[in-house]
Structures are given as structure tokens and as C-alpha cells.
Amino acid sequence: MVVLILAIAWAGVLVAWLRSRSRGSFGDSVGMFHRHLHVLERTAPATLAPANRLRGPAVSSTP
């Protein structure tokens, strides 16, 4: 009886896994992140303002 319950539970897990794979989702989260990052890079503006606006112009140490 316990083996039957475990078999049914594993069958449910297997069906859920197969459904997620068939939807076109990628199992590799790093690859998915890379694809999303590539899309963001294409849509980003060509020039960006400096990230640190609190710092003034660089001061040289030579007199």
C-alpha cells in the first residue's frame, strides 16, 4: 500500500516536470538570465550618465 502511494506521488512529480519542460521554459537559470540580460542590453541607451554624481572632478596630486 505504501509503495503504491509513493508511486502515485512520484508520477505526479514526473508529470509536473514534463509539463514545465514542454512549455518552452529553459531548465538552465544561468542561460535564461543571460538571454534576459542580452535583451536589456539591446534596449539600453547608447550613452549613460556617470553612476557617481557626488564626486567632483578628479584632483591631480601634482602642483
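Which residues form a nonpolar patch on the surface? Keep that in mind as you go through these notes on a predicted model.

1. The patch is made by Met 1, Leu 4, Ile 5 and Ile 8. Taken together, these residues have about 490 Å² of accessible area.

2. Let's look at one of them, Leu 4. You'll find Leu 4 in helix H1, which covers residues 2-22. Leu 4 counts as exposed because its relative accessible area is 51%, and the cut-off for "exposed" is over 50%. As background, an α-helix has 3.6 residues a turn, so residues three or four places apart point the same way.

3. Now the overall picture. There are two helices in the chain and zero strands. Of the 63 residues, just 2% are buried. The chain exposes about 6400 Å², and 69% of that comes from carbon and sulfur atoms.

4. The other helix to check is H2, residues 29-43. Only one of its 15 residues is buried, so H2 lies largely in the open.

5. What about the length of H2? With 15 residues at 1.5 Å a residue, H2 should span 21 Å. The C-alpha atoms at its ends are 21 Å apart, so the expected and computed values agree.

Notes: Residues numbered from 1 in each chain as written. Predicted model: local features only at pLDDT ≥ 70, side-chain atom pairs only at ≥ 80, totals over all residues. Heavy atoms only, no water. Patch = residues over 30% accessible without salt bridge, like charges linked within 9 Å, V, L, I, M, F, W, Y side chains within 5 Å. Areas by Shrake-Rupley, 256 points an atom, 1.4 Å probe, with all protein chains shown as cover. Salt bridge = Lys/Arg side-chain N within 4 Å of Asp/Glu carboxyl O. Helix = DSSP H or I, 4+ residues; strand = E, 2+ residues; numbered from the N terminus. Buried < 20%, exposed > 50% of the residue type's maximum accessible area, 1.4 Å probe, protein only. Expected span 1.5 Å × (residues − 1).
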